[in-house]
Amino acid sequence: MASTTPTVTPLLYWVRGDTNAFFGFGVNVLVNVLTLTGLCLAVVNLPEGEVFGTILPALGIALVAGNIYYTYLARRLARRENRTDVTALPYGPSVPHMFIVIFVIMLPIYLRTQDPVRAWEAGLAWAFIIGVIVLIGAFVGPYIRRYAPRAALLGTLAGISITFISMNPAGQMWRMAWVALPVFALLLIGLLTDVKLPFNFPIGLAALLLGTAIGWAGGAMSVPDVTAAARDIAVAVPSFKLDLLGAGLADMAPLLATAIPLGVYNFTEGMTNVESAATAGDNYNLRSVLLADGAGAVIGAALGSPFPPAVYVGHPGWKAAGGRSGYSMATGVVIALLCFLGMFALLGAIFPTAAIVPILLYIGLLIGAQAFQATPRAHAAAVVAALIPNIAAWATGQIDNALAAAGTTAAAVGDDALNGAGVIYDGLLVLGQGAILAGLVLGAVVVFIIDRRFVRAAIFAGSGAVLSFIGLIHGERIEWNANGQVALGYLFVAVICAVFALGRPAPREPDPEEGEPDQQPDRADLASERTDTDRRTSALPG
């Protein structure tokens, strides 16, 4: 009698595609750590000893622990499904939060007190609160994921990717296009086609070396800068900074206004990133992911890092590059070692920024494309609707930065003057507050209207009214009646949808290529005991 025992596919710790993904993702995290290092030193004027001796080593502990954990999740999923193509979730310091904690939390305190340590204490408390909120979100997020349509989840993720992930790197690229564009072209050829370099040389490493060679040959880099940076190398061992964290938490009330909505932002972003991975074929347990993200922020803050880590946008890009489980762990370990050795000043002096940032634009292209490719064609308008709040948030940030450089603010210039110049700042500001959550609500309403599911559209519009009223979306702060006029607008939408629902219209028939309707209850991660195979099957489109 023939054996019915299934063949177990060997699961390697490293494949060739991991090399490409490692250099791509590693460079991504490297850029972000270089950026937050510069912000600490140049904006808040924290002493170099504290930045290189405490903050970066604390961040390194969070990164190595998180990436090893996500490698474990990937290998567990691969064993359960007997697959070798599972890609680990990418994990690193949250990009939006590094700017928010510096400019919104730490800088005002530093300017008021001229004490960088006081500012650092507030940053630690803020990151700790963010982590706690994400831990709570681990038990709420799966329910949101169950009922939010894919076009809303992926559309708002694409909004972040196109604006905050892509636009700044694109601007940096075109400042030194002679360095960046050859790097970008090499990445596109190697990662979006099946063309291979001779001897299968890793495309990410080749792109970085090409850009660095062009930058040095063109005189964009300086040998004295490298020599000076090399003198700062020193071994640093992280330790708990509970005294600093406690001092910050003692005055945490002013921090809640930004920590609460941004904590919601964190777990919503984590939710959309898990959905993005599911669309690419790897369905992870959302609760496990959010618990790890929240724990990373809490542990990092206790060790002295005010920068919450998070699962990154970009899983489909690293999967397309051939990354599996090894690239994530390797990135965490290498970045942590660089943090412990104080190597970031040296790396910033060796590698031109223009040779590094094209990988971020590549990720932006992949995530933006996925939002349209992995959702029903009929929902394209909903994807665009979900993009809009993030575009508004990015635009108002650019306006604020430009006015600050001119020594003024939007309030000082006045709404009338800005409107007269064609800059609808006041409306964009309202639209962009709580952009991720706002995009999810707006995108979901549009999806359900398209599908003629007016009861669900009314529920999401009603949720938008409540969230606007308390300031989680479209409000500058958490408060009662934060933005009543927007809440009233959403309420009217809910009423209109409810009226149309009374006619009991037949739901839209899916197009042939869609398969089952987009909204399927078993896409949820509500029962962690369910097999990853079941959840992956229910999550894939069509």
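Buried means under 20% relative accessible area, exposed means over 50%, and partly exposed is in between (1.4 Å probe, protein chains only). Keep that handy for the exercises below.

A word on the model: it is predicted, so local features need pLDDT of at least 70 and side-chain atom pairs count only at pLDDT 80 or more, while totals for chains, interfaces and linings use all residues. Residues are numbered from 1 along each chain as its sequence is written, and side-chain values use heavy atoms, with hydrogens and water left out.

**Exercise 1. Find out where the predictor is confident.**

Step 1: Start with the term: pLDDT is the predictor's confidence in each residue, from 0 to 100. The protein chain has a mean pLDDT of 83, and 90% of its residues reach 70 or more.

Step 2: Now go element by element. Helices (H or I, at least four residues) and strands (E, at least two) are DSSP runs, numbered from the N terminus. The protein chain has 25 helices and two strands. Helix H24 (residues 484-501) has the highest mean pLDDT, 96, and helix H25 (residues 532-539) the lowest, 31.

Step 3: Take care with residues 517-542, where the pLDDT is below 50. Beyond near neighbours in sequence, that stretch has 69 contacts in the model (contact means heavy atoms within 4.5 Å).

**Exercise 2. Work out what is tucked inside.**

Step 1: Of the 542 residues of the protein chain, 55% count as buried.

Step 2: Look for nonpolar cores, meaning sets of buried Ala, Val, Leu, Ile, Met, Phe, Trp, Tyr and Cys residues joined through side-chain atoms within 4.5 Å. The largest has 129 residues, and Ile 102, Tyr 284 and Ile 335 have the most contacts inside it. A second, separate core has nine residues, including Ala 438 and Leu 467.

Step 3: Check a residue from helix H2 (residues 48-81), namely Asn 67. Asn 67 counts as buried because its relative accessibility is 1%. Leaving aside neighbours within four places in sequence, its contacts include Phe 25, Tyr 91 and Gly 332.

**Exercise 3. Count the disulfides and check two cysteines.**

Step 1: Apply the rule: a disulfide is a pair of cysteine sulfur atoms within 2.5 Å. The count comes to zero.

Step 2: Is Cys 339 buried or exposed? Cys 339 has a relative accessible area of 0%, so it is buried. Cys 497, at 4%, is buried too.

**Exercise 4. Trace the salt bridges around Asp 282.**

Step 1: A salt bridge is a side-chain nitrogen of Lys or Arg within 4 Å of a carboxyl oxygen of Asp or Glu. By this rule there are five.

Step 2: Begin at Glu 81, which pairs with Arg 83, the closest N and O atoms being 2.5 Å apart. Glu 81 counts as buried at 11% relative accessibility.

Step 3: Arg 83 also forms a salt bridge with Asp 282, with the closest N and O atoms 2.7 Å apart. Why does this pair tie together parts of the chain? Arg 83 lies in the loop between H2 and strand S1 (91-93) and Asp 282 in the loop between helix H11 (256-279) and helix H12 (286-303), so the parts joined are 199 residues apart in sequence.

Step 4: Lys 319 forms a salt bridge with Asp 282 as well, the closest N and O atoms being 3.0 Å apart. Lys 319 sits in helix H13 (residues 315-320), 37 residues apart from Asp 282.

Step 5: Put the pieces together: salt bridges that share partners join Glu 81, Arg 83, Asp 85, Asp 282 and Lys 319 into one network.
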